[in-house]
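Biologist: I am new to this structure and would like to learn how to read it, feature by feature. Could you take me through it slowly?

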Amino acid sequence: MGFFAPWFLGGLLAVGLPVFVHLLRKQTTVPRPVSSLMFFEQGKQSSVRHRRLRYLVLFTLRALLVLLLALAFAKPFFRHTRVLASDKLLLVVVDDSFSMNAAGSVGGGTRLDEAKRGAMEVLASRAAGQKAQVIALGGQMRLLTQPVADAGELRAAVEGIGPGDGHGNFGELGRGMRAMAETVHTPMELHLFSDMQESNMPGNFADMVMPGNVALVLHRIGAAVPNWTVESVQAPGQLVDTKKARVIAVIAGHETPAATRTVSLLVNGNVVATKKVDVPANGRATVAFEGLDVPYGESRCAVKIDSADGFAADDMSGFAVKRADPERVLFVHQGNDARSPLYFGAALAAASQASFVLQPITPEQASDVDPLKYAFVVLSDVTSVPSILENALLRNVQDGGSVLVATGMADSHREHIPVFGGNVADGHFYARGSSVAGFATVGPADGSHPSMKDANGWRGTKFFYASAVDPGRARVVARLADGTPLLVDKQVGQGHVLLFASGFDNLTNDLPLNPAFVAFVDQTARYLSGEERVGGARVVDSFVQLRNPVNQASAIGAGSKSTVDIIGPDGKRPLSLKEAAAAESFQLAHAGFYQVRFANGRDALIAVNPDRRESDLAAIPDDVLQLWTGSAGGAEGAEESAADARNNVSSLWWWVMLLLAITAIAESALSSGYLGTQREAL
């Protein structure tokens, strides 16, 4: 029992008021002598005992009225603890990441099967009517049900959790629970069924901290066991010369003894080569397969090791290879410029996996050229191109094609840059006194751009001339030391125009004489042809870009091939017709091979593998797990906060007011009868 405003209890002193009133109301009879009673009406006086009874009842009602009035202002309440199932939300979280496909420790089956059995037991032991929610945790936290009490719906949700291929992330669980705590203020008891893989921890421990109203209960599934895996595979995405093709695989062991493993190379499901490799204890070994021979078209390849542990799902890593004739690259140059096609062509042919053949022509020969027949087009130091060719190039770029423009020194005679559309404001002749050293060097460079993966190799390059071009909203990939844009990537429709503000000869710069030039040409060719975007294997939960987000409406209006088509590893199309017409990217959520047709009409076979961090089955140390469960104030603190939340406070104000009204009515009725005069007939 308590009072919200106890100082109003001082009003109880007013109980003395009815006592004072009743003392004043009391009558005292004084006998007086009367000569005769003949003129008095005969009557019967009420008994004193009966009058006193009515008097005391009225006094009690009036005193109670004052007492209840004081209590009403004091706002009385009482605390009561109710342990109700509805007061606590039960959360059952099942880890379905790739590592849960490993063999379980008890009961047979996988770790996921063991986790699902444990989740069923927790749901079966909950109190009658208690609400629960089933959550799956892989690369993302997925709510499989709403908070419900239906046992059938909860069991069906747990049974429906299938093996996943994603990389677990406990930081995602922490962020999701903190977001849930903003709307759910009741106590929550979270049961996590997971192998507690150490690689699932985020870089910042604070990301996995639970909110204060969540009591975390951990159920560790399985134990750290030895495991060998195909950690990585290096292979060409596109193949022209099978004799030069090379596949390099890394075999890794986690908590494993030294062993000899058999490594096989598969092409379209058939074993084409086998090798033995000695893997050191808890170490890595490299094996190489020379002369990859695949048929023309797209092939589904893989490197596989013999199964010798309880986690067979990571014993293979897939990759896709496309064998085709070399694609042609149109190189438009001035008739008097023989250096640019020579250097560019040599660098293109020197690439380790040459997939392109250079076709040099002059602007006068380019009138009837169809850009669609080429992987991409290079405009090197040309003053102008025929309007028919420029219009065709613009349409091709809008539909997803690409053009590489090198301004060279011809820009001093014109303003308009073909296809790029910008203007040359000026030319910097560093060799003519504009620079003390007689040349400029490369300054800031964006190493994330495919053309600048070897940006450090440009450090010693000397630039004697560069065009001053306004990049506008285009992406500046590299600049010279004085801030002049050197490499600019402009998106036009679904395609790209890459501008190099110098030349491909050895007169404007010495880049063609630098080994970095071969890497630049090779990487740029793969980027502009689209091979860089689809080549090689991907990791589960990564994204593949289907179309460029800019100018999409104009590209569709121009009649571009805007519809994409995706066939997943299960042979089904994951996108609806509406999504296929508008999706800009797609998440590769499962391991296997995806057949993709992009918005620009190009086809690609993409291999997707699970994140190999999942192959290390080492668990989080116990002290870290204890810190995690205590991150919200400890398990005891969480239980105390839950008990406090269930410690209900009920106000008695309404009941006091109701009793006060009843007392007032009774006092009014009784006082009216008391003040009246009782008479009896003679």
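Modeller: Let us begin with one residue and what surrounds it. Setting aside neighbours within four places in sequence, threonine 256 is in contact with Pro226, Asn227, Trp228, Ala281 and Asn282, where contact means heavy atoms within 4.5 Å. Threonine 256 lies in the loop between strand 10 (246-254) and strand 11 (259-267). This is a predicted model, in which local features need pLDDT of at least 70 and side-chain atom pairs count only at pLDDT 80 or more, while totals for chains, interfaces and linings use all residues. Residues are numbered from 1 along each chain as its sequence is written, and side-chain values use heavy atoms, with hydrogens and water left out.

Biologist: Why does threonine 256 count as buried?

Modeller: Buried means under 20% relative accessible area, exposed over 50%, and partly exposed in between, with a 1.4 Å probe and protein chains only. Threonine 256 counts as buried because its relative accessibility is 5%.

Biologist: How many helices and strands does the protein chain have, and what share of its residues is buried?

Modeller: Helices (H or I, at least four residues) and strands (E, at least two) are DSSP runs, numbered from the N terminus. The protein chain comes to 14 helices and 32 strands, and 46% of its 682 residues count as buried. Among contacts between residues at least 6 apart in sequence, 74% join residues at least 24 apart.

Biologist: Which residues of helix 4 are buried?

Modeller: In helix 4 (residues 151-159), the buried residues are Leu154, Ala157 and Val158. They lie on the same side of helix 4 because they cover an arc of only 95° around the axis, the arc being that of the directions from the helix axis to the C-beta atoms. Their cover includes helix 3 (111-124) and strand 4 (132-137). At the start of helix 4, a side-chain oxygen of aspartate 150 comes to within 3.1 Å of the backbone nitrogen of glycine 152.

Biologist: How should I read a sheet, and in what order do the strands of the one with strand 26 stand?

Modeller: Two strands pair if DSSP finds at least two bridges between them. In a regular strand the side chains alternate between the two faces of the sheet. Here four strands form an open sheet with mixed pairing, in the order 26-31-30-28. Strand 26 (537-539) and strand 28 (565-567) are the edge strands, each pairing on one side only.

Biologist: Which of these pairs run parallel and which antiparallel?

Modeller: Strand 26 and strand 31 run parallel and are joined by three bridges, with arginine 538 having valine 608 as its bridge partner in strand 31. Strand 30 and strand 31 run antiparallel with six bridges, and valine 596 stands opposite alanine 604 in strand 31. These two strands form a hairpin with five residues between them, and glycine 601 in the turn has a positive phi of about 90°. Strand 28 joins strand 30 (residues 592-597) through three bridges, again antiparallel, and isoleucine 567 has glutamine 595 as its partner in strand 30. Strand 31 (residues 603-609) is mostly covered, with six of its seven residues buried.

Biologist: What are the partners of valine 332 in strand 17 and strand 18?

Modeller: Strand 16 (residues 327-333) runs parallel to strand 17 (residues 356-361), with six bridges, and also parallel to strand 18 (residues 376-380), with five bridges. Valine 332 has isoleucine 361 as its bridge partner in strand 17 and stands opposite leucine 379 in strand 18. Five of the seven residues of strand 16 are buried.

Definitions and conventions:
A polar contact is a pair of N or O atoms within 3.5 Å; within protein, one must be able to donate a hydrogen and the other to accept it, and residues adjacent in sequence count only if both atoms are side-chain atoms.
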